[in-house]
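Here are my notes for anyone opening this one up cold. Have a look at the model, then read the points in order.

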Number of protein chains: 2
Amino acid sequence: MKIRVHVTLKPGVLDPQGRATHHTLENMGFDGIEDVRCGRMIDLEVAPTVTDEQICDMCRKLLANTVIENFEIVRLDAETEAA
Amino acid sequence: MKIRVHVTLKPGVLDPQGRATHHTLENMGFDGIEDVRCGRMIDLEVAPTVTDEQICDMCRKLLANTVIENFEIVRLDAETEAA
């Protein structure tokens, strides 16, 4: 079972990496960029026995710093499950 | 227009961060984890005039190191466009 965890900074938390990327893109001549926010992505390959609650637990305890970050869990093969 | 860029390591490229995360999760007592791969995610807020080609250009020139990384561009408000 393939799971993708998106970890993003909470709104309002300063994102220096995003700022630097935004600034550099503009210096490279790319126009029309209004905002850039950087985050992390963790792809997990887990056994079917692993529950959503366990994955949430992994995120809360290790994968995301819940003080300044939000996380979102996406099942990558949800489409194939649904098909 | 909201765009999300997923940057992942190419298959076969060693992922020390993923390995360390996998190892730590197992030490914390989480079972059933077969593999962990870490990547990056960049959320871009761009004007509607920005073309897909320009976004690909941004990825090739700055956002991804195409020697060892793959990138995937996802329009976040594609659903709303389609609705």
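1. Start with the second largest pocket, which has a volume of about 210 Å³. Of the 15 residues that line this pocket, the closest to its centre are Lys2(A), Arg4(A), Asp43(A), Thr8(B) and Arg37(B). Keep in mind that this is a predicted model.

2. Which elements build that lining? Two or more residues come from each of β1 and β2 of chain A, and likewise from β1 and β2 of chain B. The biggest giver is β2(B), with five residues. By type, the lining of the second largest pocket splits into seven nonpolar residues, two polar and six charged.

3. Arg4(A) deserves a closer look, being among the residues closest to the centre of that pocket. You'll find Arg4(A) in strand β1 of chain A, which runs over residues 2-9. Is Arg4(A) buried or exposed? Its relative accessibility is 10%, and the cut-off for buried is under 20%, so Arg4(A) counts as buried.

4. What does Arg4(A) pair with? Its side chain makes a polar contact of 2.7 Å with the side chain of Asp43(A), and Asp43(A) is another of the residues closest to the centre of the second largest pocket. Leaving aside residues up to four places away in sequence, Arg4(A) touches a mix from both chains: Met41(A), Ile42(A), Asp43(A), Glu72(A), Ile73(A), Val74(A) and Leu76(A) on its own chain, plus His6(B), Thr8(B) and Glu72(B) from chain B.

5. Now for the largest pocket, with about 420 Å³ of space. It is lined by 27 residues, and the closest to its centre are Gly39(A), Arg40(A), Gln17(B), Gly39(B) and Arg40(B). Chain A supplies at least two lining residues from each of β1, α1 (16-27), β2 (33-46) and α2 (52-63); chain B does so from each of β1 (2-9), α1 (16-27) and β2 (33-46). The lining of the largest pocket counts 13 nonpolar residues, eight polar and six charged.

6. How do the two chains relate? A turn of 180 degrees with a shift of 0.0 Å along the axis lays chain A on chain B, at an RMSD of 0.0 Å. That is the relation of a two-fold axis. Within chain A, the residue that comes closest to the rotation axis is Arg40(A), at 2.3 Å for its C-alpha. Arg40(A) was also named above, among the residues closest to the centre of the largest pocket.

7. One last point, on the interface. Of the interface residues of chain A, 100% are also interface residues in chain B, so the copies meet through the same surface.

Key: Residues numbered from 1 in each chain as written. Chains lettered and ligands numbered in written order. Predicted model: local features only at pLDDT ≥ 70, side-chain atom pairs only at ≥ 80, totals over all residues. Heavy atoms only, no water. Helix = DSSP H or I, 4+ residues; strand = E, 2+ residues; numbered from the N terminus. Buried < 20%, exposed > 50% of the residue type's maximum accessible area, 1.4 Å probe, protein only. Polar contact = N/O pair within 3.5 Å; in protein donor to acceptor, adjacent residues only side chain to side chain. Contact = heavy atoms within 4.5 Å. 1 Å grid on protein atoms, 1.4 Å probe; cavity = no way out; pocket = protein on both sides within 12 Å on 5 of 7 lines; lining within 4 Å. Points joined across faces, edges and corners; volume = space filled by probe spheres on them. Nonpolar A, V, L, I, M, F, W, Y, C, P; charged D, E, K, R; others polar. Least-squares fit on C-alpha atoms with pLDDT ≥ 70 in both.
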